[in-house]
Amino acid sequence: MFKLFSNDGLPNKPFVFFVSALVGVVIIGEIIYCGFKFDTGELFHRKPQPIDVSVKNYNTDRREVILNFERTPERIIAYHQNNIEILDKFGERDRIIASVGRFIIPHDVKQQEIDRLINKIPYYGQNGIDKETARYLNPDFIMGWPSSFGKRGVWSLGDTDYWLKRNVNCYMSLQQKDGKLYETMDGEYQYILDIGKIFKKDAEAMQIVSDIKSDVNKILSDNQHRKQQKVLILDFYGNTISSYGENRLAGNIVQALGASLIKTNSKIGKEDILLADPDVIFLIYKTDADLAFKNTFMQNEEFRSLKAIRKGRVYMIPISYIYNSGLRLSDTIHLIAAGLYN
């Protein structure tokens, strides 16, 4: 017979062990139960809304596909700044189960944006997560760039077919025409409208687009009698210099604001820049460290004769403003307009 007390009147050791173990199991169970209650409340505090939405997009092979949604996405992996920011704007930030990518915005507001947004979502850093981790997270929607769905690469989660077989829609931020890259303001407008449609925020999305178009019209109206400016948009990769043409978003914006985009090859040399002698030069930067390049460029003896340098009209643009800019399109327009007309 099991004794509660030993002959000396003290609690029996096996009994003490049994009670302690039982209490421990109860405590652990309560912790686990509370933990699951917390996670569930955080991730699924809203019921999925039934919808019947279709949007055009692309697969890994960059062929046009139709994405069909029967309910609002609840578990989202969001790649890069444009996708993270638009989910935040539409009040869907709490649906993000993983986010990846660089935030490249003017330094004077960068830290406050990081504190406001990045520090409040599951953020996996700049270089991505692997496919196995992504699958373990059990997403129902992935918002990425072409690199997110490539055959290989640090940001690749596998091709779109892999996820489609698992009932996961993949939205790729990509603009093209006749199979070639062709980025325009209209393409960014469509991106904003697409995401608004998927999350039943059509009115908000249309208002954002309408406001941006109104800004463009006002800039044109205010500067219609100004001399047309000749512009070069340059991107330096070591010894390689790229010039952004009308098929790139920055070039499309320059033209939309009434300036003249100097026609060049996509890869140019120093002699081409000297021959073009633009009124205004925009330099693309990809990291905060690149900001110092402006002074290096302007102090280069080979370029000091350029009109833009002599008049101090060289301006820096973060790459996130001119590649898949999303909501940053408005900032890009005002930044370029300031370089052209202020």
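This passage describes the fold, two enclosed helices and the charged side chains of a predicted model. Residues are numbered from 1 along each chain as its sequence is written, and side-chain values use heavy atoms, with hydrogens and water left out. Because the model is predicted, local features need pLDDT of at least 70 and side-chain atom pairs count only at pLDDT 80 or more, while totals for chains, interfaces and linings use all residues.

The overall picture comes first. The secondary structure of the protein comprises 13 helices and 14 strands; here helices (H or I, at least four residues) and strands (E, at least two) are DSSP runs, numbered from the N terminus. Of the 342 residues, 47% count as buried, where buried means under 20% relative accessible area, exposed means over 50%, and partly exposed lies in between (1.4 Å probe, protein chains only). The accessible surface comes to about 18600 Å², and 53% of this belongs to carbon and sulfur atoms; accessible areas come from the Shrake-Rupley method with a 1.4 Å probe, and for residues only the protein chains shown count as cover. Among contacts between residues at least 6 apart in sequence, 68% join residues at least 24 apart, a contact being heavy atoms within 4.5 Å.

Helix H2 (residues 80–89) is a good place to start looking inside. The rest of the structure largely encloses H2, because 9 of its 10 residues are buried. These are His80, Gln81, Asn82, Asn83, Ile84, Glu85, Ile86, Leu87 and Asp88. They pack against strand E3 (76–79), strand E4 (96–100), helix H3 (107–116), strand E5 (141–144), H6 and H12. Within this helix, Gln81 has a relative accessible area of 4% and is therefore buried. Leaving out residues up to four places away in sequence, Gln81 touches Arg102, Phe103, Ile104, Ile105, Ser320 and Arg328. After H2 comes Gly91, with a positive phi near 75°.

Helix H8 (residues 249–256) is also mostly covered, with 6 of its 8 residues buried. Leu249, Ala250, Gly251, Asn252, Ile253 and Val254 make up this buried set. Their cover includes helix H6 (185–198), E9, strand E11 (260–261), helix H12 (319–322) and helix H13 (329–341). Just after H8, Gly258 adopts a positive phi of about 90°.

The loop between strand E10 (240–243) and H8 holds Asn247. Asn247 counts as partly exposed because its relative accessibility is 29%. Apart from neighbours within four places in sequence, Asn247 is in contact with Leu181, Tyr182 and Glu183. The C-alpha atoms of Asn247 and Gln176 are separated by 9.1 Å, although the two residues are 71 places apart along the chain.

Turning to charge, side chains of opposite charge can pair when their charged atoms come close. The whole structure contains 18 salt bridges, each defined as a side-chain nitrogen of Lys or Arg within 4 Å of a carboxyl oxygen of Asp or Glu. One of them joins the side chains of Glu183 and Arg248 (3.0 Å, N to O). This pair links distant parts of the chain, 65 residues apart: Glu183 sits in the loop between strand E8 (180–181) and H6, and Arg248 in the loop between E10 and H8. Glu183 is buried at 4% relative accessible area, and Arg248 also counts as buried, at 18%.

Asp279 and Lys307 form another salt bridge (3.4 Å, N to O). Here 28 residues separate the partners, with Asp279 in the loop between helix H9 (270–276) and strand E13 (280–285) and Lys307 in helix H11 (residues 307–310). Asp279 counts as buried at 9% relative accessibility, whereas Lys307 is partly exposed at 21%. In a further salt bridge, the closest N and O atoms of Glu301 and Arg304 are 3.1 Å apart. Glu301 is exposed, at 61% relative accessibility, while Arg304 is partly exposed, at 45%.

Salt bridges also link Glu85, Asp88, Arg93, Glu113, Arg116, Arg328 and Asp331 in a network. Glu85 and Asp88 are among the buried residues of H2, and Arg328 is one of the residues that Gln81 touches.

On the surface, Lys227, Lys230, Arg310 and Lys311 gather in a patch of positive charge. Patches are made of residues with over 30% relative accessible area and no salt bridge, with like charges joined within 9 Å and nonpolar side chains (Val, Leu, Ile, Met, Phe, Trp, Tyr) within 5 Å. Lys and Arg count as positive and Asp and Glu as negative, whereas His and the chain ends are not counted; the place of a charge is taken as NZ of Lys, CZ of Arg, CG of Asp or CD of Glu. Within the patch, Lys230 belongs to strand E9 (residues 230–237) and counts as partly exposed at 33% relative accessibility.
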